[in-house]
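Me: Please take a close look at a single part of this model. I would like one connected account, starting from one residue and moving outward.

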Amino acid sequence: ADPWAVSIDTGALHQWESNVDGGGDLEIDAWAVRAGVSYVASPELRAGLSVGYGERHYDFSGDGDFTGLRPWSDIRDARISGNLSWQADERWNLFAVPTARWDAERGASLDDGAVGGLLAAASYRVNDRLSIGPGFGVFSGLEDDADWFPILAIDWQITDSLSLRTSRGLATTRGPGLTLSWAPTERWSFALGGRYEKDRFRLDSRGVAPDGIGQETSVPLYLGATRSFGRHGSFSIFAGAEFGGEVRLEDRRGHLIERADYDTAPFGAATLDLRF
């Protein structure tokens, strides 16, 4: 078998309008594309590299305390990620995903939004159906302390058709989540997933906070359906809602200017994954 594999993933998301505390509304559109290559060096060692680019458009409307500032609009995201998986012995598998990201508003330099990060975990094979283990993620911050968070690395084939796994989420998101999948046939699968999201990005020099920092956090939960095309890829659609949404505006040194929560926001998304 060819040890090399090439992949192209793309996705788009629309988050419908939701009310922001203090008045006004927020609506979001996003898209992303990623290309990757992976190599199987041996049965125990696998490695890969991917590059990606995406954009998120924030539409703030109304004259609320936060929305009236029109704090930012189009955010660009570029990234380079590696991945390394090593089966140390019959029971333990180690993996690491180093990442470099550049997040900045259109009009600002991507270099001013540069951050680095690492996801790493050790997974223990309990039996043929269950592997589980601890891990962590760390990302450097924009004018703040590094973000550390725990990871649960799990691959549990509960039944022949039902599984629970750590997943990478939609093409327009970062970091791991948890997905419960049901695959009644070889072609179709259905999923329930969730994750925690935090995005920070550099702002341009012309807005209400010149060279400042924007931040959005939320907890998306979603249902999905996937149609597989065998080894060549898959197409998925998702519907869900963002819970606990918050937007935050800081000056160039990371000092708070304004923050606001936004109501639970429904979203829809679609992804296309191709394999060669």
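Reply: In this predicted model, Ser-181 counts as partly exposed because its relative accessibility is 22%, and buried would require under 20%. Ser-181 sits in strand 10, which covers residues 177-182. Leaving aside neighbours within four places in sequence, the contacts of Ser-181 are Ser-161, Leu-162, Ser-163, Phe-190 and Ala-191. Asp-89 is 92 residues away from Ser-181 in sequence, and their C-alpha atoms are 28 Å apart.

Next, the strands earlier in the chain. Strand 2 (residues 25-42) and strand 3 (residues 45-61) run antiparallel and are joined by 17 bridges. A hairpin of two residues connects strand 2 to strand 3. Within this pairing, Ser-38 has Gly-48 of strand 3 as its bridge partner. Strand 3 also runs antiparallel to strand 4 (residues 74-87), with 13 bridges between them; here Leu-45 is partnered with Trp-86 of strand 4.

Strands 2 and 3 also contribute to the largest nonpolar core: each supplies at least two residues, as do strand 14 (233-250) and strand 15 (256-262). This core has 16 residues, of which Leu-26, Tyr-58, Phe-66, Trp-72 and Val-247 touch the most other members. Not counting residues up to four places away in sequence, Phe-66 touches Val-20, Phe-60, Pro-71, Trp-72, Val-247, Arg-248, Leu-249, Glu-258, Arg-259 and Ala-260. Another core, of six residues, lies apart from that one and includes Leu-13, Tyr-222, Phe-267 and Ala-269.

Technical notes. Residues numbered from 1 in each chain as written. Predicted model: local features only at pLDDT ≥ 70, side-chain atom pairs only at ≥ 80, totals over all residues. Heavy atoms only, no water. Pairing = 2+ DSSP bridges. Helix = DSSP H or I, 4+ residues; strand = E, 2+ residues; numbered from the N terminus. Core = buried A, V, L, I, M, F, W, Y, C linked by side-chain atoms within 4.5 Å. Buried < 20%, exposed > 50% of the residue type's maximum accessible area, 1.4 Å probe, protein only. Contact = heavy atoms within 4.5 Å.
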